[in-house]
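Biologist: I'm new to reading structures like this one. Could we go through it together, one piece at a time?

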Amino acid sequence: MPRRQFVADLAAAVEGVSVAGISAVQPGGDDGEFTFICVADGHNLEISALIPELSDYPSSHMCMVFGPDNASAKVASTLADISATGKTVQQILELVSRKLESTDKDGDQQMLNSQNFDGLEHGSDDDDDYEEEYFPGDEDMLPKPFINGHQTLAAGTFTEPTAAFRQRIRRDLLAAKSSGFKVGHLGGLMDGLGCYISISIRIAKLGISEEAMQAWQLEPTEYLIALFHYPAGYKTMDDLRSYDASQTQRNFGIRIGISKSYKPTLQEAVQAFTVLSREDEKHRDESQQAEFQQQTTVQPGFRHSFISRPLNELLAQRFHMLLKYRYAGMPWNGAELFYNDQILRPMSTHSEGSEDKYYAPEAISTAFPPLITADHIQQTTGQEHSLPIVGMQFVLRHFVRCTEFCLICFSKMADDLQAIKPYVCDNPLCLYQYMSLGFGPSIEHEVLSQPKVVDLLVSFCYSSARQSRLKDFPAGLALMVPPSSSYEEDYVLNQYRGYGMQPQPQSQMPKTTRAGREQAPIKMRFNLDNREILFEDKSKPCPVRVNEWITLRFDDDPGKALHCRVVDASYYPSVKVSEPLEPAVATLDGSSRGYGYQLAAALPSPAPKAAFKSPWNINELRPAKFQIYNQNFDDLPEQNKRQVICLLLDLLPPVKDMRQYLLRNAQSSLSAWTDRLSPAALGLLRWIIASNRACILQVDVEDDAATGRKAEDRLYGMSRWAQFRFAMGAPDKERRFIQSVRSVTERLHLKFPTFFAWHGSPLHNWHSIIREGLHFNETHHGRAYGHGVYHSLNVNTSIGYSGFGGYGYTWPYSELNIQQALALNEICNAPQEFISRSPHLVVAQLDWIQTRYLFVSSAVSQQATSSVDKGSIPLEILEQDPDVTPMGGDGKLVIPIRAVAGSRRPKSLNTTQHKRQKAGGTSKYDAIEIDDDDTASIATLDEDHIVFDDDSPKNEQFVDPLPTPNSTKDGKGKSKLGGFFHKLKPSKPFTDYVPGTLDYSTLPMLQQPSWASTTATKCLMREFKVLIKTQNEQPLHELGWHIDEDRIENMYQWIVELHSFDLTLPLAQDMKKHDVNSIVLELRFGKDYPMAPPFVRVIRPRFLSFAAGGGGHVTAGGAMCMQLLTNDGWSAVSSIESVLVQVRMAITSLDPKPARLERGGRHDYGVGEAVGAYIRACAMHGWTVPIGFQETAYGGAEGSGHFG
């Protein structure tokens, strides 16, 4: 076990280590922590090492190394640069000793152990891998030693927190706030230490359509967060411009995520920047995927978005170079084009960066909100630039406009691409990385969450391939498939010739040419019962390898092909294989013949089955021949590609079987079903799902009856058809459609801006339609009424068009058994401007059309004569133009209000009005709502507000350490700055709380404990200084807490009053009723602080217990019930100010119940009952009680009568 190994390694180190300069190794106060003494700069320094996740020890764990407060800046910088990921305890000690150049008593240094350290960051053979590549055109953008007259600090060192440094941080972050972003921070931002800055924006402000949010799995109330990491202190834009690639990686990083809150927790921030190996990352992703499969709701924490991984790669590899190009005068698109040209072109053709195309302004759709198109660098020429703003604008460029760029190389996609989901360009290498390296969607998640959609996509692809209409293929994936000679006779594909054209005779059908030189079938004998292959000539080498797939046919039954995997070849010439699979080849009968098809010769239709039962004698070895899956799919002619796609899909299990497999094996992926799914079939399935660029959502879901979603989404009037919500086109397609609707409505003064109409197309066309969108580039059914997209108000007319050529082929294992498909589109209500109005509606303006629903039907359902449940009419319906109301199979269509986006639903029919309606609209429909109402945002924490408070140069005295809590006071006992800030306070107070009125003689005050440590004392005094400084600068009513600095004599016991609560809270009303002005808290600290959390409890007043109906996270004994204050939630970098903020938030929380005061005049909480309640709460929640908690809680005087 990893934990057991860590304990054993640590115990061995405690007994004695032979590392130069290292001694006194001891377990720390936290789980996974240990301390040791290291000689550095001639001093004995106590250093702490912490491994947060022992489950990963000793292969991929992360280790953080901390130095003491009295360490020099050089030592602190060196420790911050140490990367001890995946190192054992012994290796960590050796690494620290070597980095600090520690020596033993003889003056010897620790030597490098080549067996333990394979690739240190300094001195390894791979140093060149981190050198910045040189590209022609970079000469004018090479790092300069001076920027704006200031010499930059060496990369990797901490930053001196001068007044100018802090003012620059404030200016950069205030600029971000003024640009419309929420700003948060974690760590020692203002002290020049390692820190995180979060720049976030609510999804509702980005102008993303409801369809795109569904496809991207986003909620409008969530936040898009760009998390900036500064390991060695905050760095400005000037700093970053001066760095090379390796310096940038050491000093700066960005991660993208989604959260319910505007910033992540510290633990989430650390995890976001934890670097794992590809194998460990794969294991983590599989574990998270397994957990995600069991979840029904989105978790509130910081999580990856659908595009986080490729965006993180883009930011890590290119952002710093793109910035250099930007400052050379290129816009974003020019910088990206120049970067791609340098990488994709041969070295001899590299550009010098002077071509006009790199400086041409980018044509961006005006439909995007200004927030998306803003350019801080261009708009603030000649001024200092805020790195957080520029980084966030770059993130928004590639997040909101993600479908405009390839997900791998980030080149601009073709302008005619209409996709609501991001995809890759036509470069085969990009497709390979997208499919093979995990950038694509999880097919397991799709199978589990939307099995009918997967069935639909596979059926569309199958029909397109069988009718020779499939034109795009999974190229570049290196799929190994059977030789074409093994399946050509089984799959004679039909040739669709179009409406009004004569079928092509069989003799004129194109002949496929053999791809390369195929290997001849190999003879053997096969026992079907025990799945054994026997080769006659054992002197020849074994022709197969384990895990290879083969296809075989018996000599006496060559019409049936079987497919299986090689399981064991160790007993050659006997080879074991998996259960053979027989493809379920779909066929057509004469009744399905129709226009435009040339039918294949009729083939026998075997019943679909996963295994073949032998009619021969048991254990009989029958002569057979087999061929190996050794043909590269990319080398096949197009017709063979279509044939083998049909074969692989015929070998797929039904979607419901795949779903059942995943439900039974929650920790496994489909790739683990090795005997049922060949790698080629799985790769094809992944391509079918990942290449779908439309948003298709199930309406007919079995579990929807209980939730009522079925009644809300389902149209009434198409009882025999399965329904899907359907959205095509780019994410801005909805925006362009809405702009067209508004323009036409204003111009024609329409009462009904849009109407709905049907569009039918043969089944084999839908595979391309959902990828390319509706267009009229090709003519399939004639253009008798002009060029455009044909629609009809009568469903039977569109059904006729969808049935041209008969019903066609359907995937044999399809549960939907699709034979026909129709789209219901929303169209601008201007028929007089159509190409034709009768007998068909022909619309040439593609921006006037937006798909809403997809209907599919089987021949069986259409021919059924029994009565069918027509369903119920939706509760809220969309009012339609009576002159152009579409007809369904059961009469007039009744369309639910949810068929259109929420921001466009008619106000008169809304049962609950949206919280904010845009002003100035001239029609009954509004455009995509850009919700910039900040009342819906999460309130910014006080700890983030403090960053924006001005810090004048005269406050520099607070930078120096305080020897005592009151050393900053003048002779009159007041803070030196107190008078200045007192003048800024209003004459009329905003709160009833009056500082200095608490009677300390009634409180259990403690003396300085005998076990007080120098490290803990200095940390506490520094924290105390920061709190007093904040208290003197913030207005009393805004701060909400108060510490009487004159009464704090023991640094290990603080008394804090919480006050000025929102009067709408039940707690504030109870306090006013009982004449209570403040809640008195006590914070007790132990000798291991800051590695161990403080003990926080309420002294007075008494709260109503949870069992009696109270809340506020206060236990029955007065201790705070918060994971933050246990080993499981505490972090050594947490500030006491943030603790007070979170304690106040917990007490004022209304979830699950609001805090209430206990009636009556009982005495204060005693520390004994608080300790007992704290331990009980930890046991109930599974939290870890800190080591030495009793000593901390009782202040070293457990038996004292002070404790009530």
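**A walk through the fold**

Modeller: Sure, and keep in mind that we're looking at a predicted model. Among contacts in the protein chain with a separation of 6 or more, 72% are between residues 24 or more positions apart.

Biologist: How many helices and strands does the protein chain have?

Modeller: There's plenty to explore, as the chain runs to 1204 residues, 53% of them buried. Its tally is 34 helices and 31 strands.

Biologist: Let's begin with β1. Which strands are at the edges of its sheet?

Modeller: That sheet is open and antiparallel, with four strands in the order β1-β2-β3-β4. An edge strand pairs on one side only, and here that goes for β1 (22–27) and β4 (64–66).

Biologist: How many bridges join β2 to β3, and what is the partner of Thr35?

Modeller: Strands β2 (residues 33–40) and β3 (residues 43–50) run antiparallel and are joined by eight bridges. Thr35 has its bridge partner in β3, and that residue is Ser48.

Biologist: Which helix packs on this sheet?

Modeller: Look for a helix that touches β1, β2, β3 and β4. Its direction makes about 30° with that of β2. The helix you want covers residues 89–99 and is α3.

Biologist: Now for β21. How many of its residues are buried?

Modeller: Thr754, Phe756, Trp758 and Gly760 point one way from β21, while Phe755, Ala757 and His759 point the other way. Residues on both sides are buried. For β21 (residues 754–760), that comes to seven of seven.

Biologist: Which residue is the bridge partner of Ala757?

Modeller: β21 pairs with β23 (residues 820–828) in the antiparallel sense, over seven bridges. Within β23, Ala757 is matched with Asn825.

Biologist: Let's try two helices. Are α10 and α14 roughly parallel or oblique to each other?

Modeller: The axes of α10 (residues 308–326) and α14 (residues 387–400) come within 12 Å and cross at roughly 125°. Roughly perpendicular stops at 115 degrees and roughly antiparallel needs over 145. The angle falls between those cut-offs, so α10 and α14 are oblique.

Biologist: How many residues of the contact of α10 with α14 are nonpolar?

Modeller: From α10, the contact includes Leu311, Leu314 and Phe319; from α14, it includes Val390, Phe394 and His398. Two residues of the contact are polar and no residue is charged. The nonpolar count is 11.

Biologist: Over to β28. Which helix packs on its sheet?

Modeller: The strands here form an open antiparallel sheet in the order β28-β29-β30-β31, with β28 (1041–1042) and β31 (1095–1100) at its edges. A helix touches β28 and β29, with its direction about 25° from that of β29. That helix spans residues 1014–1033 and is α29.

Biologist: Which residue stands opposite Trp1041?

Modeller: β28 pairs with β29 (residues 1053–1058) over two bridges, in the antiparallel sense. Opposite Trp1041, in β29, you'll find Leu1058.

Biologist: Last one: why does His1059 count as buried?

Modeller: His1059 lies in the loop between β29 and α31 (1066–1073). Leaving aside neighbours within four places in sequence, its contacts include Tyr993, Trp1041 and Arg1144. Buried means under 20% relative accessible area, and His1059 counts as buried because its relative accessibility is 0%.

Conventions. Residues numbered from 1 in each chain as written. Predicted model: local features only at pLDDT ≥ 70, side-chain atom pairs only at ≥ 80, totals over all residues. Heavy atoms only, no water. Pairing = 2+ DSSP bridges. Contact = heavy atoms within 4.5 Å. Axes fitted to C-alpha atoms, helices over the stretch in contact; angles between N-to-C directions. Buried < 20%, exposed > 50% of the residue type's maximum accessible area, 1.4 Å probe, protein only. Parallel < 35°, antiparallel > 145°, perpendicular 65-115°, else oblique. Nonpolar A, V, L, I, M, F, W, Y, C, P; charged D, E, K, R; others polar.
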